[in-house]
Amino acid sequence: MPPTPVKLADTVSYRAWRPSKVNLGSFSGRVCSDMTEFSVIEKRARELVGGKEALQSQLISPEPPESLAMIGDDRYLSVMNRRVFRAGLTHRLVDQRWPAFEVAFADFDLDTVAAFDDTDLQRLARDESLIRHRKKIFAVRDNAIAMQKIVEEFGSFGFWLAEWPEDEIVDLWQELRRRFTQLGGNSAPAFLRMCGKDTFLLTDWVVRALAHWGVYEGRTTSKAALAEIQTAFNDWEEATERPFCQLSQILAFSIN
C-alpha cells in the first residue's frame, strides 16, 4: 500500500505534552499596547493585491487535526528532510531530486532509515543523484531516530503534531528545534507549513509588517519575543477567526 500523501503548502490545523510557559524576562524588542486592528491591515492588503477576491484567492488553508493525525510517519520524515535540504538551496532543485531521495532512503521508513550505518550514509553523501551535503545526509538518520521516540511515546508523529494547540505554536517550533537536527531558524515553522499544520511564519515581510503596523519591533528570535508575537496572533485569530497561516500571509501582503 503506498504511503499516505501529504499536502505541501509551499507559499511565502486535542492537546499533548508541551514545554512549560517561557519566562517573559527582558528581551530586545517592543510590543505596542495599542495593537492595530487586523481589519485595518487586511483592508490595506486588499488594496495592494487588487481587492477582496484577489486576496482570498492567494490564501492557503491548514489541514484539520484529524487529517494530520492520519498522515504516515514516513511522509512526515520525508517532508521534514525535504525542508532541511531546501534551506539555503533553490526549492525547485531539491524537489527535482526528491524522487531519488525517496529511493535512497527506502521511502523514508523510520525503522529502515534509523538503522542506516555510517557507511550507508557516506555512500549516499557521494551519490550524484542526490544533493551531496554530508551533514544533511546524516541528519536524515538523526531525524528518523528522533521521530521514532515521539512515535513510541504518542503512537504516531501525526497524532503528536495534531494534538499541539495552535495558540502555543511557537513552543512547538522550539520543541522541533530541540528534538530534531537542522531545523533551526525558520525551518521548523516552514516544515509545519509544508505539512499543513497551522502556523504563522516570521519571514522578512511579516517581520517588517509587524513593525510597520506598530505591533512588534526588534529581534524576533528570543523565546520571550516569540511569546509576545504569539499573543498578538492569538488576539487576531480570536477577532477574525482566520487561521494563523492566513494572518501571516495577509501581513506580508499589507506592505509594499
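Biologist: Before we get to clusters, what makes two rings a pair here?
Modeller: Rings of Phe, Tyr and Trp, the last taken by its six-membered ring, pair if their centres lie within 6.5 Å, and I should add that this is a predicted model.

Biologist: OK, so which residues do the ring pairs link into a cluster?
Modeller: Such pairs join Phe38, Trp173, Phe200, Phe233, Trp236 and Phe244 into a cluster.

Biologist: And how many aromatic pairs does the structure hold?
Modeller: There are 18 aromatic pairs in the structure; for Trp98 and Phe101, the ring centres are 4.4 Å apart and the planes meet at 15°, which is under 30 degrees, so this pair counts as stacked.

Biologist: Where do Trp98 and Phe101 sit in helix H5?
Modeller: They are three residues apart in H5, which covers residues 91-104, and are therefore separated by about one helical turn.

Biologist: Are those two buried or exposed?
Modeller: Trp98 is buried, with a relative accessible area of 1%, and Phe101 is buried as well, at 0%.

Biologist: Switching to charges, which ring does Arg134 lie over?
Modeller: Arg134 lies over the face of Phe138, 4.2 Å from the ring centre, while Arg208 has its charged end over the ring of Trp205, at 4.8 Å from the centre.

Biologist: Last topic: how do H12 and H14 pack?
Modeller: Helix H12 (residues 204-212) packs against helix H14 (residues 244-253) at an angle of about 75°, with the axes 8 Å apart, and the two are therefore roughly perpendicular to each other.

Biologist: Which residues meet there?
Modeller: From H12, Trp205, Val206, Ala209 and Leu210 meet Ser248, Leu251 and Ala252 of H14, and the residues of this contact comprise six nonpolar, one polar and no charged.

Methods
Residues are numbered from 1 along each chain as its sequence is written. This is a predicted model: local features need pLDDT of at least 70, side-chain atom pairs count only at pLDDT 80 or more; totals for chains, interfaces and linings use all residues. Side-chain values use heavy atoms; hydrogens and water are left out. Rings of Phe, Tyr and Trp (its six-membered ring) pair if their centres lie within 6.5 Å; planes under 30 degrees apart count as stacked, over 60 as edge-to-face and the rest as tilted. Helices (H or I, at least four residues) and strands (E, at least two) are DSSP runs, numbered from the N terminus. Buried means under 20% relative accessible area, exposed over 50%, partly exposed in between (1.4 Å probe, protein chains only). A charge sits over a ring if NZ of Lys or CZ of Arg is within 6 Å of the ring centre and within 35 degrees of the ring normal. Axes are lines fitted to C-alpha atoms, for helices over the stretch in contact, and angles run from 0 to 180 degrees between N-to-C directions. Angles under 35 degrees count as roughly parallel, over 145 as roughly antiparallel, 65 to 115 as roughly perpendicular and the rest as oblique. Contact means heavy atoms within 4.5 Å. Ala, Val, Leu, Ile, Met, Phe, Trp, Tyr, Cys and Pro count as nonpolar, Asp, Glu, Lys and Arg as charged, and the others, Gly among them, as polar.
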